[in-house]
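Please walk through the fold shown below, beginning with one loop residue and moving on to the sheet and the helices that pack on it.

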Amino acid sequence: MRKLGLLALILFGYSAYAQGPNLDKDYKAIEDKVIEWRREIHQNPELGNREFKTAEKIAKHLKALGIKVQTGIAHTGVVGILKGDLPGKVVALRADIDALPVTERNDLPYKSNVTSEFMGEKVGVMHACGHDTHTAILMGVAEVMSKNKDKIKGTVKFIFQPAEEGPPPGEEGGALLMVKEGVMNNPKVDAIFGLHINSQTPVNTIKYKSGGTMAAAQSFTIKVMGKQSHGSQPWSGVDPILISAKIIDGLQTIISRETDLTNEAAVITVGKIKSGVRFNIIPESAEMIGTIRTLDYDMKDKLNKRMVEMVSTIAKAYGGEATCEIKDATDITYNNPELVEQMLPTIKRVAGEPNVSIQKAVTGAEDFSYFQREAPGFFFFLGGMTPGNTKSYPHHTPDFLIDDSGLLLGVRTLTEMSLDYLNSDKTPRLDIKPKG
């Protein structure tokens with residue numbers, strides 16, 4: 001399928017803009033390198049804010065290409081800046097570089113046997129979400145583009161981001177910290193592109209969605225105060241466990257009865273509840289923690305407001321007190337509609353129109369969203385599953401597996417998107433608070 005795509009590009013030379021440069025020779029030369037880099041990174045994974053060797057490998061590669069390199073951004077992040085021979089806009093490309101505390105179960109020659117410490121426990125470490133492929137793909141893009149500076153009208157900024165899965169407790173990290181440290185400035189980024197491999201989408205295919213693509217993730221902590229009493233005399237106390245049950249039930253009515261789910265999906269999940277020490281004691285307090293997922297800013301604001309109101313009101317109705325604290329984890333991954341429309345012809349040209357499709361929104365989250373708050377962004381999904389495979393495993397699992405044959409399409413797509421964007425006169429408007 002990949003060879004057919006290359007053949008079509010050669011024969012028809014179709015472009016969203018003027019006929020672009022033919023980089024087929026460079027793409028063919030880079031594929032084996034990208035696969036080799038990916039397997040080396042997979043075999044040597046590192047957790048968030050601890051990606052020291054990965055960052056060193058990236059920086060060494062970029063410097064060898066003659067690209068200006070910045071290191072130590074957001075702890076272990078690496079940024080490369082490549083100026084083309086012609087003046088123009090600035091486009092950024094992002095890859096995340098961190099792994100997960102997962103013990104790999106695959107039988108691969110490049111299987112990870114790395115162990116580390118996570119939250120005080122010894123754990124296996126694995127690239128169980130495909131960040132190794134993202135890193136290798138962007139290293140490949142950097143090499144191809146460094147050999148074609150004469151074809152670059154403007155500047156390309158390569159952002160290798162640590163801690164996408166979240167920094168260790170008590171530390172800052174990820175895209176938010178990179179933004180705080182000015183990664184989207186000097187030079188100021190006009191547009192940013194990113195991709196995510198998907199283990200359950202066939203190789204050599206691309207999926208995308210305009211607008212709200214991945215959910216904003218928030219965590220919440222609900223603290224319930226009752227009155228302790230003997231378990232045989234519940235009337236002499238106020239039961240925080242009973243109140244907690246009523247609050248959980250009430251929270252779900254916000255989704256099922258107050259939220260317009262025909263607009264976008266939304267989720268409120270209580271993931272943990274802690275209360276009590278003994279079978280015959282009604283405890284004094286209870287605590288619940290959970291997550292909120294939204295794909296629309298107005299829905300997000302409404303859900304947050306109603307949760308705080310409902311938690312307090314329900315507790316009061318049963319004689320207790322309760323508070324609800326909500327914290328942001330990631331923003332909505334929002335694909336700027338103007339940028340999507342502008343770049344879609346490029347993606348279809350590179351992948352082949354039958355291999356490009358619209359997908360539904362995902363309630364998973366991505367901190368790429370913080371870059372999209374600073375510049376119009378387009379985040380899409382790249383197929384990583386062997387066609388016909390009936391045993392593909394989801395992300396964040398010990399059996400997660402990616403077919404390397406799909407990586408070249410990632411290199412070609414990001415490269416061609418960058419060149420076409422820089423060669424165009426269009427600069428989409430940034431909507432600071434976009435609607436889903």
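**Loops and a mixed sheet**

His-396 lies in the loop that runs between strand 18 (377–385) and helix 10 (407–423). The model is a predicted one. Most residues other than glycine have a negative phi, and most peptide bonds are trans. His-396 is not a glycine, yet its phi is positive, at about 70 degrees. With a relative accessible area of 40%, His-396 is partly exposed, because the range for that class lies between the 20% limit for buried and the 50% limit for exposed.

A positive phi also occurs at Asn-186, again not a glycine, where the value is about 50 degrees. Asn-186 sits in the loop between helix 5 and strand 7. Its relative accessibility is 67%, so Asn-186 counts as exposed. The peptide bond joining Asn-186 to Pro-187 is cis, with omega about 0 degrees. Pro-187 is likewise placed in the loop between helix 5 (174–180) and strand 7 (191–202).

Strand 7 and strand 18, which border these loops, lead into the sheet. Eight strands make up this open sheet, in the order 1-2-6-3-7-18-8-17, and their pairing is mixed. At the edges are strand 1 (68–73) and strand 17 (356–358), each of which pairs on one side only. On average, neighbouring strands of the sheet are turned by 25 degrees against each other, direction ignored.

Strands of a sheet pair through backbone hydrogen bonds, either parallel or antiparallel. Both kinds are found around strand 6. Strand 2 and strand 6 run antiparallel and are joined by six bridges; Ile-81 stands opposite Lys-157 in strand 6. Strand 3 (residues 86–96) runs parallel to strand 6, with nine bridges between them, and Leu-93 has Phe-158 in strand 6 as its bridge partner. Strand 6 is mostly covered, eight of its nine residues being buried.

Towards the edge formed by strand 17, the pairing partner is strand 8 (residues 206–208): the two strands run parallel and are joined by three bridges. Here Tyr-208 stands opposite Ile-358 in strand 17. Helix 8 (residues 337–351) packs on the sheet, where it touches strand 7, strand 8, strand 17 and strand 18. The direction of helix 8 makes about 25 degrees with that of strand 18.

Another helix lies across strands that include the other edge. Helix 3 (residues 52–64) lies across strand 1, strand 2 (77–83) and strand 6 (153–161). Helix 3 runs at about 15 degrees to strand 2.

Definitions and conventions
Residues numbered from 1 in each chain as written. Predicted model: local features only at pLDDT ≥ 70, side-chain atom pairs only at ≥ 80, totals over all residues. Heavy atoms only, no water. Helix = DSSP H or I, 4+ residues; strand = E, 2+ residues; numbered from the N terminus. Buried < 20%, exposed > 50% of the residue type's maximum accessible area, 1.4 Å probe, protein only. Pairing = 2+ DSSP bridges. Axes fitted to C-alpha atoms, helices over the stretch in contact; angles between N-to-C directions. Contact = heavy atoms within 4.5 Å.
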